[in-house]
Every structure is written in C-alpha cells, then in structure tokens.
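Please look over the model below before reading on. The paragraphs after it lead from the interior to the surface.

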Amino acid sequence: GGGGGPVSPQHHELTSLFECPVCFDYVLPPILQCQAGHLVCNQCRQKLSCCPTCRGSLTPSIRNLAMEKVASAVLFPCKYATTGCSLTLHHTEKPEHEDICEYRPYSCPCPGASCKWQGSLEAVMSHLMHAHKSITTLQGEDIVFLATDINLPGAVDWVMMQSCFGHHFMLVLEKQEKYEGHQQFFAIVLLIGTRKQAENFAYRLELNGNRRRLTWEATPRSIHDGVAAAIMNSDCLVFDTAIAHLFADNGNLGINVTISTCCP
C-alpha cells in the first residue's frame, strides 16, 4: 500500500513536527506528551524518567488527541528512506511495510540466531566468506548436498552454498523437534538476492535410494525472507527421521539439488 508522490515542503514541515527529540524517529499514535506539551516516542518514553526537552515529569500519561488526528492525515516516509525507499505511508501501514521493505538491511542468512550481522545485499557474500568459513560452495546447477551424521541428537543445521547462473544459492537442511519427541527434517533453497530475482529461478530437491525417490520443487526464497516462515508453514521439503533413514547411508544423507532458470 501507500503511494510515493513528490513531497511538498509544507508536508515535510508537518512530518518534522513528529520527530522524537531523542531518536529522531517519528512519534506515532498513541501520542503521549509531558505536562508542558512536549512529545517523545513511546519506545524512548519507556526508558526516560523525565522529558528530554524541559526535564518536566512524564507522568501521568497525557494523550495528545489533536496531534494524533494530524498524524492520521499525514504520510510518513519509510524508515529506510535514507537507503533508497521512496514510499510515504499512513502511520498504520508503516510497521508492516518496513518489515518487508526491499531497502531494509539484510541479516546474516545462516540459520540459528547466533550471528547478528546486518548489511547490504552486496556485502552478504563477503560476510559469509569471512565469518562462516566452514560453509562449502559447490559450482554448478546440479549438485549433491551431503548432510553428514543426521542421527545427531537435538536440533541441528546443515548449510552449504551452490553457485550457478551468476548467483549464489544457500542450501539449508534443518532438523527440528516441532512436536514433542517427533523430529522432522526441513530442506530449502534460498537465493542470496532480492525477492524479484528469486522469482526467476526454480529448484528441485530429491532424495534417491533403495528404489525410492522423494522430490520437492519450488521457487527459492530470498534471504530477505529467511527460512523460519517457510519451515513454520512446511513450505519446503519435509520428511521425518524414518524417511531420512530409508535414504541415508551410514548416517549420511545425500540430497540432489537442481537449480533452473524460469524463462521470462
């Protein structure tokens, strides 16, 4: 939602009235003021004991209904305007848009929340090369992703990279206990790229062995979206430990991965 038109100077003066004096983000409804009428955003307000403008008391909470009305009539820039987003949005649409904005920084795509790195899309590969040296990269559109020791107890991740068509793809196999005592494997392919770029590709995952075959085909996800949502919705190759054992060889599981381009 939200259109991005030219912003008039008057409009800019209006939005600047909503700048929080502490973090310079916008003060959005519910808008609370100090006794003297100064505004501070709700995030900062929770950390402050007095008004940053006049040092007056911030309690009791006083709602500024007039400013809330004005806020509802004003379009605010996306918080990633500085990195290139030109959208202006109604304050109710802002959080939702900012969660999926193409211009927000990319997080490290490695599964597990241990790495807190963030940066531009162009910097993701060099981050992976330097900070996650253990990840192997295979060249070619048709490779075998070998997950070793799949019988390890608990939640485990296997990650590798595949390089083809001038792009890098991240292959992730996760073992999780979604339900008590019931372990499942989730395998998925991510593109180190934007959502639009990801739409140009398809991937196929295949387990082969003992005259059996299990196949999953889909569009890769962008690393902007990550794997968590896909796994939560089972929008990936899902199989349980019994199936894993049918295809594994001495506790090692080979997954055939094929990437193809979808012609526009």
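What follows describes the nonpolar cores, one buried strand residue and one surface patch.

This is a predicted model, in which local features need pLDDT of at least 70 and side-chain atom pairs count only at pLDDT 80 or more, while totals for chains, interfaces and linings use all residues. Residues are numbered from 1 along each chain as its sequence is written, and side-chain values use heavy atoms, with hydrogens and water left out.

The largest nonpolar core (a set of buried Ala, Val, Leu, Ile, Met, Phe, Trp, Tyr and Cys residues joined through side-chain atoms within 4.5 Å; buried means under 20% relative accessible area, with a 1.4 Å probe and protein chains only) has 50 residues, of which Leu128, Leu173 and Ile255 touch the most other members. Strand S11 (residues 182-191) gives the most to this core, namely seven residues. Apart from this core lies another, of 17 residues, including Cys41 and Met67.

Glutamate 206 belongs to strand S12 (residues 201-209), strands being DSSP runs of E with at least two residues, numbered from the N terminus. Glutamate 206 counts as buried because its relative accessible area is 11%. Its side chain makes polar contacts (pairs of N or O atoms within 3.5 Å, one able to donate a hydrogen and the other to accept it) with the side chains of asparagine 208, at 3.0 Å, and threonine 215, at 3.1 Å.

At the surface, leucine 17 lies in the loop between helix H1 (9-16) and strand S1 (32-33), and leucine 17 is exposed (over 50%), with a relative accessible area of 51%.

Methods
Helix = DSSP H or I, 4+ residues; strand = E, 2+ residues; numbered from the N terminus.
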